Amino acid sequence: MPEGLVQIGEVAERIGLSLRTIRHYEEVGLVVPARTQGGFRLYNEENVQRLALIKRMKPLGFTLEEMRDLLEITDRLTRGDEDPGLLARLHLFERAVAERADRLREQLAMAREFAEQLRRRRLNAPSAR
């Protein structure tokens, strides 16, 4: 195997995605691994980092199209593209992440409060006395 390239199983283990999920992201064009003559997928560090970024976006509810857009932005910035519109688009993603993270924190607080209410009801139930 060429140096610096890893197979799909190692990628899956490293970043905690299933093989099926990684293949899906390839099918929709979010990551493009190299292939051996035998057809085995080989991932470089850039591919692994793309998949790690996608994994972080998924629980925040970003769509595949939004993921594709962010990956295009980061790819172009990495290549040295100085289009000021890229930074503006990246800033919009930063704001979206902050807003979605705030909503998740609110949901987590409500879930904890609900769990505590259930615990109190269980402890106060006649059969618990």
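This dialogue covers helices, strands, the nonpolar core and salt bridges in a predicted model.

Trainee: Let us begin with the helices. Why does the distance between the ends of helix α5 agree with its number of residues?

Mentor: A helix rises by 1.5 Å a residue, so the 41 residues of α5, residues 84-124, should span 60 Å. The end C-alpha atoms of α5 are 61 Å apart, which agrees with that expectation. The reasoning can be repeated on α3, where 13 residues should span 18 Å and the end C-alpha atoms lie 19 Å apart.

Trainee: Which residue caps the N-terminal end of α5?

Mentor: The cap is D83, with a side-chain oxygen 2.8 Å from the backbone nitrogen of G85. A comparable arrangement can be examined at the start of α3. There, a side-chain oxygen of N44 comes to within 3.1 Å of the backbone nitrogen of E46.

Trainee: Which residues of α5 are buried, and what covers them?

Mentor: The buried residues of α5 are L86, F93, A96, R100 and A101. Their cover includes α3, residues 45-57, and α4, residues 64-78. In α3 the buried residues are N47, V48, R50, L51, A52, I54 and M57. These pack against α1 (8-15), α2 (19-27), β3, α4 and α5.

Trainee: I should now like to read the sheet. In what order do its strands lie?

Mentor: Strands of a sheet pair through backbone hydrogen bonds, and the pairing may be parallel or antiparallel. Here three strands make an open sheet in the order β1-β3-β2, with antiparallel pairing. Strands β1 (6-7) and β2 (34-35) stand at the edges with a single partner strand each, so one side of each has no neighbour in the sheet.

Trainee: How many bridges join β2 and β3?

Mentor: Two bridges join β2 to β3, residues 41-43, in the antiparallel sense. To locate one on the structure, find A34, whose bridge partner in β3 is L42.

Trainee: Which residues have the most contacts inside the largest nonpolar core?

Mentor: They are V11, I22, Y43 and L51, in a core of 25 residues. Helices α1, α2, α3, α4 and α5 each supply at least two residues of this core. The greatest contribution comes from α3, which gives five residues.

Trainee: With which residues is L51 in contact, leaving aside its neighbours within four places in sequence?

Mentor: L51 is in contact with V11, I15, L17, I22, Y25, V31 and Y43. Among these, V11, I22 and Y43 share with L51 the distinction of having the most contacts inside the core.

Trainee: Let us turn to charged side chains. How many salt bridges does the structure hold?

Mentor: It holds 14 salt bridges. One of them joins the side chains of E65 and R68, with 3.0 Å from N to O.

Trainee: Where do E65 and R68 lie?

Mentor: An α-helix has 3.6 residues a turn, so residues three or four places apart point the same way. Both E65 and R68 lie in helix α4, three residues apart, about one turn of the helix. E65 counts as exposed because its relative accessibility is 51%. R68, with a relative accessible area of 29%, is partly exposed.

Trainee: Is R76 buried or exposed?

Mentor: R76, which lies in helix α4, counts as buried because its relative accessibility is 18%, and the cut-off for buried is under 20%.

Trainee: Which residues are linked with R76 in a network of salt bridges?

Mentor: The network links R76 with D69, E72, D81, D83 and R89. The side chains of R76 and D81 meet at 2.8 Å, N to O. R76 also forms a salt bridge with D83, where the closest N and O atoms are 3.4 Å apart. Both acidic partners are partly exposed: D81 has a relative accessible area of 28%, and D83 has one of 31%.

Trainee: Leaving aside neighbours within four places in sequence, with which residues is R76 in contact?

Mentor: R76 is in contact with D81, D83, L86 and R89. Two of these names have appeared before: L86 is one of the buried residues of α5, and D83 caps the N-terminal end of that helix. D83 may therefore be studied in two settings, as the cap of α5 and as a salt-bridge partner of R76.

Notes: Residues numbered from 1 in each chain as written. Predicted model: local features only at pLDDT ≥ 70, side-chain atom pairs only at ≥ 80, totals over all residues. Heavy atoms only, no water. Helix = DSSP H or I, 4+ residues; strand = E, 2+ residues; numbered from the N terminus. Expected span 1.5 Å × (residues − 1). Buried < 20%, exposed > 50% of the residue type's maximum accessible area, 1.4 Å probe, protein only. Contact = heavy atoms within 4.5 Å. Polar contact = N/O pair within 3.5 Å; in protein donor to acceptor, adjacent residues only side chain to side chain. Pairing = 2+ DSSP bridges. Core = buried A, V, L, I, M, F, W, Y, C linked by side-chain atoms within 4.5 Å. Salt bridge = Lys/Arg side-chain N within 4 Å of Asp/Glu carboxyl O.
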